[in-house]
Amino acid sequence: MPLTSYQKIDNFMVKENLTANGKIAIIAVDSADIAQDHINGTFKFSINGFEQALTFHNGVAVASHPISESTFVFFKHKNHDKTIGKLYFLYKKDNKITPFKINGLLLIIIPTIILLIAYTFKRLLSTFLILALIYGYFSFSKGLSISQILESAFHVLKNLL
């Protein structure tokens, strides 16, 4: 592809830099995640809100700052057509960085599920406490015991069969 033609990055992925120096590489890819090695030049990226000009050679650019510990990083690149943003968790262990792409929708779904479980548990806990109070009242003031409840339930089940 001639150098005078317009180049743009429609998609990208994040990998550990080949030299394993604590830096990450951003690779220009197409929609099928195939590297676009014809991409050369300087492109602006926003990394966790900080603008950086990344220089791409054969479709690969290396971020200038090394990663010192595991962290969440949001990469964003704006074309003339659209804006591409991706959230990654960069797991660092022994100078090796493993990027995990995170779907932003999960950041909404997981807390919602946790809140629903907590709400259901709260309702269940409230019901359990009310039943425990009723049982406690009948147990201490009216002489009801757990063995009587179990024996009564056992007789009901026996009569059904």
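Two strands are taken to pair if DSSP finds at least two bridges between them, and helices (H or I, at least four residues) and strands (E, at least two) are DSSP runs numbered from the N terminus. In strand 5, the bridge partner of isoleucine 26 is alanine 61, a match that belongs to the antiparallel pairing of strand 2 with strand 5 (residues 60-62) over three bridges. The structure is a predicted model, in which local features need pLDDT of at least 70 and side-chain atom pairs count only at pLDDT 80 or more, whereas totals for chains, interfaces and linings use all residues. Residues are numbered from 1 along each chain as its sequence is written, and side-chain values use heavy atoms, with hydrogens and water left out.

The chain contains two helices and eight strands, and from the N terminus on its elements run β-β-β-β-β-β-β-β-α-α. Of the 161 residues in the chain, 25% are buried, where buried means under 20% relative accessible area, exposed over 50%, and partly exposed in between (1.4 Å probe, protein chains only). Among the contacts in the chain with a separation of 6 or more (contact meaning heavy atoms within 4.5 Å), 42% come from residues 24 or more positions apart.

Strand 2 is largely enclosed by the rest of the structure, because six of its six residues are buried. From this strand, Ile24, Ile26 and Ala28 point one way, while Ala25, Ile27 and Val29 point the other way. Strand 2 is also joined to strand 1 (residues 11-16) by six bridges, the two running antiparallel, and within this pairing phenylalanine 12 has alanine 28 of strand 2 as its bridge partner.

The loop between strand 2 (24-29) and strand 3 (41-47) holds alanine 35, and glutamine 36 lies in the loop between these strands as well. Alanine 35 is partly exposed, with a relative accessible area of 47%; leaving out residues up to four places away in sequence, it touches Ile27, Ala28 and Val29. Alanine 35 and methionine 13, which are 22 residues apart in sequence, are 9.1 Å apart in space, C-alpha to C-alpha. Glutamine 36, with neighbours within four places in sequence set aside, is in contact with Ala28, Val29, Asp30, Asn58 and Gly59. The side chain of glutamine 36 makes a polar contact with that of aspartate 30 (3.4 Å); a polar contact is a pair of N or O atoms within 3.5 Å, of which, within protein, one must be able to donate a hydrogen and the other to accept it, residues adjacent in sequence counting only if both atoms are side-chain atoms.

Further along the chain, strand 7 (residues 83-93) and strand 8 (residues 96-102) pair in the antiparallel sense over seven bridges, with tyrosine 88 standing opposite lysine 101 in strand 8. These two strands form a hairpin with two residues between them, and aspartate 94 in the turn has a positive phi of about 55 degrees.

The largest pocket has a volume of about 240 Å³. On a 1 Å grid over the protein atoms alone, a cavity is a set of points where a 1.4 Å probe fits but cannot get out, and a pocket is an open set with protein on both sides within 12 Å along at least five of seven lines, lining residues having an atom within 4 Å of a point. Grid points are joined across faces, edges and corners, and a volume is the space filled by probe spheres set on the points. The lining of the largest pocket includes Ile24, Phe50, His65 and Phe72, and strand 6 gives the most to this lining, with three residues.
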